[in-house]
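Please consider the structure shown below. The paragraphs that follow lead from one contact site to the chain as a whole, and then to its charged pairs and its surface.

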Amino acid sequence: MVDQDHDGRRRQEAAAESSVPLLEKKAGGVPYYVEGCPGCVVDRRNAANPGIPYGSFIYVWVVILCTAIPISSLFPFLYFMIRDLHIAERTEDIGFYAGFVGAAFMFGRCLTSTIWGIAADRIGRKPVVMFGVFSVVIFNALFGLSVTYWMAIATRFLLGALNGLLGPMKAYAIEVCRPEHEALALSLVSTAWGIGLIIGPALGGYLALPAEKYPNIFSPDSLFGRFPYFLPCLCTSVFAAAVLISCIWMPETLHKHKVSENGNQSIEALEAHLVDPKEKVEQSNGLDTKKSLFKNWPLMSSIIVYCVFSFHDMAYTEVFSLWAESDRTYGGLSLSSEDVGQTLAITGSSLLVYQLFMYPRINKVLGPIKSSQIAAGLCIPILFAYPYMTYLSEPGLSIILNIASVIKNNLGVTIITGTFILQNNAVSQDQRGAANGLAMTGMSFFKAVAPAGAGIVFSWAQKRQHAFFFPGDQMVFFLLNIIELLGLLLTFKPFLTVPNQSVSN
């Protein structure tokens with residue numbers, strides 16, 4: 001009975017403690033919860049509700065889909081679009097012109113990501129997100145209506161330049177939940193991104209040229225017959241329009257008030273609490289919130305690691321489809337676009353399961369740094385095995401290829417999510433949007449260069465089938481491994497550092 005009474009009192013005390021919002025608690029006798037501040041409202045709700053904020057996570061999911069789908073939806077039909085725009089004098093030149101259209105989005109985002117991140121820190125996450133989704137509605141549809149090559153270039157560039165979604169949404173994801181759910185929040189960002197890169201090619205592949213593929217539904221004289229690449233773009237814009245309407249009810253997370261020195265330290269203490277020592281690197285209470293981002297080496301080192309692995313992932317994505325669809329005489333697999341699409345769909349489904357149910361547990365045990373190092377190390381032997389799949393026949397080829405693709409992509413998402421966590425916990429909230437914007441700028445630059453570089457290297461490698469040193473596609477995967485190894489080395493000290501922090505692995 002005594003034990004039961006004691007347990008009852010403990011539960012009552014815990015309930016009373018949880019009912020007091022974190023920001024209403026006093027530090028040095030000074031209350032620092034501000035009535036009417038949307039950021040304080042969210043923090044107060046998180047303190048009172050220990051469960052997973054599914055409603056806010058849905059916003060994270062659908063907004064990230066809005067920015068991921070347009071990036072990849074054009075690749076299945078880009079070759080035919082450039083052909084129909086009659087900009088290339090020879091068939092061999094189509095790839096050259098297609099490369100500029102593919103890079104225009106990332107180039108535009110590279111120029112403006114930091115600006116959008118700063119804007120998200122000044123005016124709030126919600127206005128920046130809504131404007132970015134609105135740009136998807138308009139410019140993605142206009143891209144599908146392009147009648148000239150330069151119109152296609154311009155609409156893709158503007159789509160990237162005005163699409164400041166990913167950086168603010170990464171900050172938003174960890175601000176709408178409690179510390180124990182932060183790894184899940186950032187894994188949702190990675191998962192939604194990966195799923196978007198699967199849905200995009202599916203839309204582009206199945207819905208482009210509808211008058212040719214589905215003549216019983218679409219006539220050559222219809223709108224979709226005259227603009228054969230408009231339908232997949234329109235579907236994406238309609239989805240973005242629905243997301244834009246739903247964002248009207250999306251809660252803002254940015255604190256709208258100025259804090260005193262004591263209050264600032266108190267909020268820093270709260271944000272340090274958001275970093276669970278079993279999940280990630282602990283933040284120091286003495287973190288200087290006014291420190292220049294460029295002088296914040298823990299942030300800059302994590303951004304550099306993020307950019308290196310982003311370059312690798314984009315190059316791998318470009319090479320995978322080219323290699324799988326190229327002829328076996330050139331070291332490829334001679335697969336059809338449907339076979340490749342099926343493999344990507346299976347991979348995308350595995351990302352969803354992995355990030356929701358497995359990654360949070362892995363991150364809790366290993367932490368973001370150790371899990372990224374192990375994932376990068378495992379990627380290297382998998383990539384070395386890819387060229388030898390050309391000696392396999394069905395059904396073994398499909399089984400091995402799907403297993404390798406699932407493992408490789410899930411390991412890649414483990415690394416990217418780990419760098420997300422490190423970046424967001426290297427700065428306080430008032431710099432988080434700008435920090436993510438800076439990361440997006442660097443990542444966008446590397447991802448703008450990666451497809452063109454990967455295509456050039458792939459074309460060169462296929463011309464050296466009888467070379468002594470890594471002939472044919474073996475050279476492509478060897479170079480991908482060099483980049484992966486470089487990223488792995490950068491995850492160790494003294495390069496990757498954290499300010500007055502220790503890793504609990």
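Which residues does Val 457 touch, not counting residues up to four places away in sequence? In this predicted model, the residues in question are Val 476 and Leu 479. Val 457 itself belongs to helix H17, which covers residues 429-461. Along the chain, Val 457 and Val 476 are 19 residues apart, and their C-alpha atoms are separated by 6.8 Å. Val 457 counts as partly exposed because its relative accessibility is 27%, a value that lies between the 20% limit for buried residues and the 50% limit for exposed ones.

The chain as a whole provides the setting for this site. The protein chain has 18 helices and 2 strands. It comprises 505 residues, of which 55% count as buried. Among contacts with a separation of 6 or more, 80% are accounted for by residues 24 or more positions apart. The protein chain exposes about 22,200 Å², and carbon and sulfur atoms supply 67% of that area.

A second site may be read in the same manner. Thr 236 is placed in helix H12, which spans residues 230-246. When residues up to four places away in sequence are not counted, Thr 236 touches Ile 69, Pro 70, Asn 140 and Leu 203. Is Thr 236 buried or exposed? With a relative accessibility of 4%, Thr 236 counts as buried, because the limit for that class is under 20%.

The charged side chains come next. The count of salt bridges comes to 5. One of them pairs Lys 408 with Asp 313, with an N to O distance of 4.0 Å. Lys 408 lies in helix H16 (residues 396-424) and Asp 313 in helix H14 (residues 297-325), so this salt bridge ties together parts that are 95 residues apart in sequence. Both Lys 408 and Asp 313 are buried.

Another salt bridge joins the side chains of Arg 125 and Asp 121, at 2.7 Å from N to O. Arg 125 counts as buried, since its relative accessibility is 0%. Asp 121 is buried as well, with a relative accessible area of 13%. These two residues also belong to a wider arrangement: salt bridges that share partners join Asp 121, Arg 125 and Glu 175 into one network.

How far apart are the closest N and O atoms in the salt bridge between Arg 178 and Glu 180, and what is the distance in Å? The distance is 3.0 Å. Here the partners are placed in the intermediate class of accessibility: Arg 178 is partly exposed, with a relative accessible area of 22%, and Glu 180 is partly exposed, with a relative accessible area of 36%.

The account ends at the surface. Leu 352, Val 353, Leu 356, Phe 357 and Met 358 make a nonpolar surface patch of about 420 Å². Of these residues, Met 358 is found in helix H15, which runs over residues 337-385. Met 358 counts as partly exposed because its relative accessibility is 44%, which exceeds the 30% that a residue must pass to be part of a patch.

Definitions and conventions. Residues are numbered from 1 along each chain as its sequence is written. This is a predicted model: local features need pLDDT of at least 70, side-chain atom pairs count only at pLDDT 80 or more; totals for chains, interfaces and linings use all residues. Side-chain values use heavy atoms; hydrogens and water are left out. Helices (H or I, at least four residues) and strands (E, at least two) are DSSP runs, numbered from the N terminus. Buried means under 20% relative accessible area, exposed over 50%, partly exposed in between (1.4 Å probe, protein chains only). Contact means heavy atoms within 4.5 Å. Accessible areas come from the Shrake-Rupley method with a 1.4 Å probe; for residues, only the protein chains shown count as cover. Patches are made of residues with over 30% relative accessible area and no salt bridge: like charges are joined within 9 Å, nonpolar side chains (Val, Leu, Ile, Met, Phe, Trp, Tyr) within 5 Å.
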